[in-house]
Amino acid sequence: MTAGVRDRRAILGRGFRANPAFELILYDRLPPEERKALAELRRDPDFYGVLRPRDGAAALGVKSVDRETALLFLTLREPGSLPSYMEALLGEGALGTVSRLVADGILEVEHGGGFVFGAAALPLFSGGGEPGEAGAAGSRLAGIALAALRYGQDLDLDDALALSYRLYGYNRRPLTPAWKRRLGDGDAVLAWLGLGPGGRWRQELERGWESRGPNDWWLSWHSRSSVNNLTGSGATWKLYVSPAPEALPESFGAILEALAAARAPQFKVGADAWGILRADKIVAYFPSFEGLAAAADALASRLSGMPAQGVPFTSEIGGDGLLSWGVDPPREESTLGGESWRLWLTHRLARALISAKSMQSAEPWRFALERVRLEGVDTDTWTPGAMLWKRN
């Protein structure tokens, strides 16, 4: 018997119980305003209702549950072993499912003479390792991500959404008065990049790209010739181009040329100083990883030596953080309808940080890393696992 099989059986063979800090409520029995807020979830035929934290346990948050999770929660209101049908139903996935339920505090596991969940259960499902340290040594972007998590755990925030957006915006350059004067709106950005009327890259832009129309946040274009169109369904692959802001005007022609050569279907650029100073200031979209990798190769050869800013919570693909990638979840996996890869991550990381802090965990950032690792994310490289969306 291998060590992995022994560990799996040792964990699944423990006693479990439903977390008494939650009450399970069927959707039909929720107040009308709560039913209205959760109406979208009713599209899922397996949706059951919510787990609502009782008084004093607000940090756990309200959690929607499907019928299988509700049945397991009801079964384990009296502590005991996991029902045998779970392994028959989930097979090799049983350990991952149970670990996520324990990490989120839905279930508690027997340990040290009592029952624990969340950060207190970390040694059981992490094997006692030190997640994240390898990434800090091997990748500049992984080091930025760890710095972001340590920053997040030091903030006095118990609002998960607010904390998520602070993590999302980490490594943004300061918005100084000089930058505000220089790039006050989209027209100023276009002129600064050489894309405005008479600009040095204007003809290159018009030859290959058609504007999708500006919005408050982005200037966007789609290819005039690419056959690799985005279909609007399935996962979307995103290539982040993150040069230092001051390096953009001189290099933007090379960026346009590389994206056109790789047949990128569309790309966008921050629409004002705030957008240009964010780490993810340029994003190109692809229907496949192969197309993204071709664009990254084309960019790496043209932008060699360019100073990089670096996008946290993305997987580095070249240039010491200059180029990186992620893959957006399909719309049905998104809790916000069109949720991006980085927001998908930072929402989960923020909830995990707050949960670990509420339990006075010594290092909440470690638990946050472990929580997204349980979803299938390699937290040394911030690479999504091949089965991430299929499993979820």
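I took a patch to be made of residues with over 30% relative accessible area and no salt bridge, with nonpolar side chains joined within 5 Å. The model I am working from is predicted.

**Entry: nonpolar patch**

I looked for nonpolar side chains on the surface. I found a patch formed by Leu175, Trp217 and Trp274. Together they have about 330 Å² of accessible area.

I then checked Leu175. Its place is the loop between α9 (160-168) and α10 (177-182). Why can Leu175 be counted as partly exposed? Its relative accessible area is 34%, and partly exposed runs from 20% to 50%. That value also fits the patch cut-off of over 30%.

**Entry: helix α5**

Next I went to α5, residues 94-103. Is this helix mostly covered or mostly open? I note it as mostly covered, since seven of its 10 residues are buried. I listed the buried ones: Ala94, Val98, Ser99, Arg100, Leu101, Val102 and Ala103. Arg100 is thus on the buried list along with Leu101 and Val102.

I also looked past the end of the helix. Gly105 follows α5, and its phi is positive, near 80°.

**Entry: whole chain**

I closed with the totals. I count 18 helices and 15 strands in the chain. It has 392 residues, and 49% of them count as buried. The chain exposes about 18,600 Å². Carbon and sulfur atoms supply 50% of that area.

Last, I looked up contacts with a separation of 6 or more. Residues 24 or more positions apart account for 68% of them.

Technical notes:
Residues are numbered from 1 along each chain as its sequence is written. This is a predicted model: local features need pLDDT of at least 70, side-chain atom pairs count only at pLDDT 80 or more; totals for chains, interfaces and linings use all residues. Side-chain values use heavy atoms; hydrogens and water are left out. Patches are made of residues with over 30% relative accessible area and no salt bridge: like charges are joined within 9 Å, nonpolar side chains (Val, Leu, Ile, Met, Phe, Trp, Tyr) within 5 Å. Accessible areas come from the Shrake-Rupley method with a 1.4 Å probe; for residues, only the protein chains shown count as cover. A salt bridge is a side-chain nitrogen of Lys or Arg within 4 Å of a carboxyl oxygen of Asp or Glu. Helices (H or I, at least four residues) and strands (E, at least two) are DSSP runs, numbered from the N terminus. Buried means under 20% relative accessible area, exposed over 50%, partly exposed in between (1.4 Å probe, protein chains only). Contact means heavy atoms within 4.5 Å.
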